[in-house]
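Trainee: I would like to go through the empty spaces in this model, pockets and cavities alike. Where should we begin?

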Amino acid sequence: MRFIDRYASPRLAAFVVFIMALAASLFMHRGDLINYVIWYDAEAYYQYLPAVFINGNIEHMVWAAPLENGNTLNLCQMGVAVLQLPFFLIAHFIAKIGGLTADGYSPVYAYSILIASCVYGALGVYLLGKVLQQWFSTTASFITVLFVYLGTNLFFYFSFEAGMSHIYSFFLFAWFIYYTPKFFQNPSIKRALIYGFIIAMIGLVRPNNLVIGLYAVLYGVTSWASFKERLSFLFRHPVAIGAIVLVFVLLFIPQLLYWQATTGSYLVFTYGEKGQGFNWGSPELWNVLFSHQNGWLIYSPIMVISLIGLAVGVIKKQANFLAVLLIWLLAWYLFASWWSWWFGGAYGHRAFVEYYAFLAIPFAYIMHKVPRNFKGYLVLGACLFMAFINVRMCFNYVHPWNGPEWTWDSYLHILKQAILIF
């Protein structure tokens, strides 16, 4: 613990996580396995890039829903592709000058996605560490970041399915939390433009994640009077709010133009093309948390600590805990209402991954209060054990862990393999 007290920092946490994530990525995608980086939903997020920069044909993407007009519609928005763009351009340049296959899908492009995930994930860890350090001890912040990374399916989506949207959203969530107080301290045009960019990118990656806008409204609110003051603040700064809205609209224009080019309409609920939607009246709330089919707390039980910290923090009226609670409850209801509440073949409930940026706050609250005695070391030992099991299960994962053939017996068999080292 003395080493952590002395050397722990958000920068060190980000570096450690980056190295571990990159090592896991290269190990899990060695040899021919590199061809499985750009596939399934990961290809849907990514394929905007080769469609625009190589093929010059956005109306007929491969991993997309066929339309009656002969075009195909990408069900995923282009936010992930925008964030991957710098890495794609570097990979494309290397492919060109190196005489490699420059089709957007050869191994050099897959490696660029692995690196992009590690970079954005590490940046998210760094920003989250900076946030936690403002409220909790450096040691508690450092331990929290590592346990959230190693003890949840954040570890899996950092490296094993790096092309999915969740790490990119995790980075944007951490940036959003980090930048919120900066904006409210000084709502200048520059800060409003940056804040608007962050919010717009969050929506451009996954539109349902815009529920995090509640944090901006409730940040620092501790009473009805402070809530009214927050609303008054927003009305007193119409130029800054207008700048946020302007950036939001501008960033969405390419997406609207794509929808218009493929469907003839500027606004499209893409999943509606496949008859998919929400069951608002019958959410699977219990199953989302406790089902063997990707139940969140079944695969990431360490987050029980976060929920305990969240409950205690709300009761004790800790600043911003109510905002985190409301965001988590809204997200939980949204996920439980989706027709595929288990979110397909995944390791754990993947839709919660980006929300770890928020849930790390109550987790750090508990870590900050853990005493340095026998009881405290028991808590840390339990966290280490859960992190160990999580990492082992991630390495044992074979797609997909869902469907009628994936039962409680299947889950318990894999769990037993993870626990038994020899």
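Mentor: This is a predicted model. Let us begin with the lining of the second largest pocket, which by class has 10 nonpolar, two polar and one charged residues.

Trainee: What is the volume of the second largest pocket, and which residues are closest to its centre?

Mentor: The second largest pocket is lined by 13 residues. Its volume is about 350 Å³. Closest to the centre of this pocket are Met28, His29, Phe160, Tyr397 and His399.

Trainee: How much space lies in the largest pocket?

Mentor: The lining of the largest pocket counts 38 residues, and Leu75, Cys76, Tyr271, Gln276 and Trp338 lie nearest its centre. The space in this pocket is about 940 Å³.

Trainee: Which helices each supply at least two residues of the lining of the largest pocket?

Mentor: By class, that lining divides into 25 nonpolar, nine polar and four charged residues. At least two residues each come from helix H3 (41–46), helix H10 (189–205), helix H13 (238–263) and helix H17 (321–337).

Trainee: How many cavities of 30 Å³ or more does a search of the whole structure find?

Mentor: A cavity here is a set of points where a 1.4 Å probe fits but cannot get out, so an open set is not counted as one. The largest cavity has a volume of about 110 Å³, and the second largest about 40 Å³. With the cut-off at 30 Å³ or more, the number found in the whole structure is two.

Trainee: Which residues lie nearest the centre of the largest cavity?

Mentor: The lining of the largest cavity divides into eight nonpolar, four polar and two charged residues. It is made of 14 residues. Nearest the centre of the largest cavity lie Tyr36, Trp39, Ala42, Glu161 and Met164.

Trainee: How many charged residues are in the lining of the second largest cavity?

Mentor: The lining consists of Ser9, Pro10, Ala13, Gly129, Thr138, Ser141, Phe142 and Val145. Gly is counted as polar and Ala as nonpolar, so Gly129 falls in the polar class and Ala13 in the nonpolar class. The division is four nonpolar, four polar and, for charged residues, no members.

Trainee: Which element gives the most to the lining of the second largest cavity?

Mentor: Among the lining residues are Thr138, Ser141, Phe142 and Val145. Two elements give two or more residues to this lining, helix H2 (10–28) and helix H7 (138–151). With four residues, the element that gives the most is H7.

How values were computed: Residues are numbered from 1 along each chain as its sequence is written. This is a predicted model: local features need pLDDT of at least 70, side-chain atom pairs count only at pLDDT 80 or more; totals for chains, interfaces and linings use all residues. Side-chain values use heavy atoms; hydrogens and water are left out. On a 1 Å grid over the protein atoms alone, a cavity is a set of points where a 1.4 Å probe fits but cannot get out, and a pocket is an open set with protein on both sides within 12 Å along at least five of seven lines; lining residues have an atom within 4 Å of a point. Grid points are joined across faces, edges and corners, and a volume is the space filled by probe spheres set on the points.
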